[in-house]
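Subject: Structure handover

Hello,

Here is the structure I promised to pass on. Please open it and keep it beside this email while you read.

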There are 2 protein chains.
Amino acid sequence: MPMNANKPFVDDYLAYLLARSSKLVSEQFHAKVKAAGVSVNYWRILASLSDADGLTLKQLNQRVLFNQPTLSKLITRMVAEGLLERHQDKQDKRAILIFISALGRDLVNDLLHEAKWHESEVLADYSSEQQALMKGMLRQLINTLES
Amino acid sequence: MPMNANKPFVDDYLAYLLARSSKLVSEQFHAKVKAAGVSVNYWRILASLSDADGLTLKQLNQRVLFNQPTLSKLITRMVAEGLLERHQDKQDKRAILIFISALGRDLVNDLLHEAKWHESEVLADYSSEQQALMKGMLRQLINTLES
DNA sequence: TAAATATATATTCCATTTCATATAATATAA
DNA sequence: TTATATTATATGAAATGGAATATATATTTA
């Protein structure tokens with residue numbers, strides 16, 4: 001017997017609402033990403049680096065929130081495919097600095113444009129006040145959770 | 001050179017804000033899920049079935065938004081582990097109906113309690129009005145995207 | 001400074017997911 | 001009704017992800 005038959009769980013569960021909306025928002029756009037020959041994780045890495053080139057692997061991981069070995073291997077593949085460059089940090093020789101290559105830059109610039117266009121479609125029915133409110137709430141939630 | 005050096009992309013990109021907040025909200029709770037010996041995907045399936053037992057694989061997939069073969073294999077494993085039951089649909093013999101077993105029910109009930117408690121911690125600093133506003137916006141976004 | 005501890009990244013091995021396709025049942029069209 | 005298309009689920013091979021651990025450098029402690 002359900003724990004609580006008269007009140008659906010997931011429809012009032014924040015983590016579910018976030019996961020579902022996240023997936024739905026990303027879904028159509030990811031089809032375009034794949035059409036460009038890029039996996040979703042590649043796109044996330046490129047987008048995260050697009051305004052912060054030269055991060056260490058650790059700093060990058062704080063943005064993309066992957067597992068460390070997963071990111072390490074993704075970087076290896078992306079370097080092999082010519083999308084990124086890996087340089088040793090002179091200050092801390094354990095660390096590597098990750099840069100977008102010219103090829104990766106072209107790719108991410110295209111995708112950034114498509115992403116913005118896609119977002120404007122998703123949010124077409126929302127006023128700019130509503131959009132700001134929604135994004136603001138999410139940013140606040142992120143800040144709360146990061147501290 | 002960045003496409004737009006003076007305006008960070010990801011911090012104003014809805015899909016990123018959703019993905020990041022989703023991951024941050026789920027993160028600590030998923031540690032508890034794993035501590036209960038359950039993978040995150042198992043938990044998502046059990047939670048989705050908790051208030052809608054007896055869905056077809058396809059209906060369930062519309063809730064969890066996995067790939068069809070992924071869900072199919074997850075179900076196979078969960079049945080083998082005694083958490084779920086798979087029955088043929090009498091009306092449509094192609095379809096299978098998925099039910100939670102007694103064992104699965106016990107497990108999910110425990111996790112549902114922990115999930116609610118975790119959510120109340122995450123949202124501790126929010127008034128109930130703010131909580132309702134946030135969830136309402138997400139539900140509206142989901143509805144928009146589903147139609 | 002030597003030893004111990006901590007940190008950043010890489011690697012190995014195994015589990016899981018994905019892509020493409022198969023199978024079986026249903027719905028539709030000729 | 002027979003052929004065709006569609007739908008629901010399953011499966012196999014290959015790619016990817018994750019847990020544990022290794023390696024190399026940096027930091028702290030005695």
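Below are some notes on symmetry, the DNA strands and one pocket.

This is a predicted model, in which local features need pLDDT of at least 70, side-chain atom pairs count only at pLDDT 80 or more, and totals for chains, interfaces and linings use all residues. Residues are numbered from 1 along each chain as its sequence is written, chains are lettered from A and ligands numbered from 1 in the order in which they are written, and side-chain values use heavy atoms, with hydrogens and water left out.

**Symmetry**

Start with the two protein copies. Chain A superposes on chain B by a rotation of 179 degrees, with 0.0 Å of shift along the axis and an RMSD of 0.1 Å. (The fit is by least squares on the C-alpha atoms of residues with pLDDT of at least 70 in both copies.) That is the relation of a two-fold axis. In chain A, the C-alpha of A:Leu18 is nearest the axis, 3.2 Å from it. Both copies use the same surface: 98% of the contact residues of chain A recur in chain B. Contact here means heavy atoms within 4.5 Å.

**DNA strand D**

Which residues are closest to DNA strand D? They are A:Asn41, A:Thr70, A:Lys73, B:Lys73 and B:Arg86, out of 23 residues that surround the strand. (A residue is near a strand if one of its heavy atoms lies within 4 Å of it.) Of the strand D atoms within 4 Å of the protein, 61% belong to sugar or phosphate, and the rest to bases.

Now the polar contacts, which are pairs of N or O atoms within 3.5 Å; within protein, one must be able to donate a hydrogen and the other to accept it, and residues adjacent in sequence count only if both atoms are side-chain atoms. A polar side-chain atom of A:Asn41 is 2.6 Å from a phosphate oxygen of strand D. The side chain of A:Thr70 has an N or O atom 2.5 Å from a phosphate oxygen of the strand. B:Gln68 reaches a base instead: one of its polar side-chain atoms lies 2.8 Å from a base nitrogen.

H4(A) gives the most to this surface, with five residues. (Helices are DSSP runs of H or I, at least four residues, and strands are runs of E, at least two, numbered from the N terminus.) By class, the surface has six nonpolar, seven polar and 10 charged residues. Ala, Val, Leu, Ile, Met, Phe, Trp, Tyr, Cys and Pro count as nonpolar, Asp, Glu, Lys and Arg as charged, and the others, Gly among them, as polar.

**DNA strand C**

Around strand C there are 22 residues, and A:Ser72, A:Arg86, B:Asn41, B:Thr70 and B:Lys73 come nearest. Sugar or phosphate accounts for 68% of the strand C atoms within 4 Å of the protein. A backbone N or O atom of A:Leu57 lies 3.2 Å from a phosphate oxygen. Side-chain N or O atoms also lie by phosphate oxygens, at 2.5 Å for B:Thr70 and 2.9 Å for B:Arg77. H4(B) gives the most here, with five residues. The classes are six nonpolar, seven polar and nine charged.

**A pocket**

Which element gives the largest share of the lining of the second largest pocket? H6(A) does, with four residues. The lining includes A:Arg139 and B:Tyr16. Its residues divide into four nonpolar, two polar and five charged.

(A pocket is found on a 1 Å grid over the protein atoms alone: an open set of points where a 1.4 Å probe fits, with protein on both sides within 12 Å along at least five of seven lines; lining residues have an atom within 4 Å of a point.)

Best wishes
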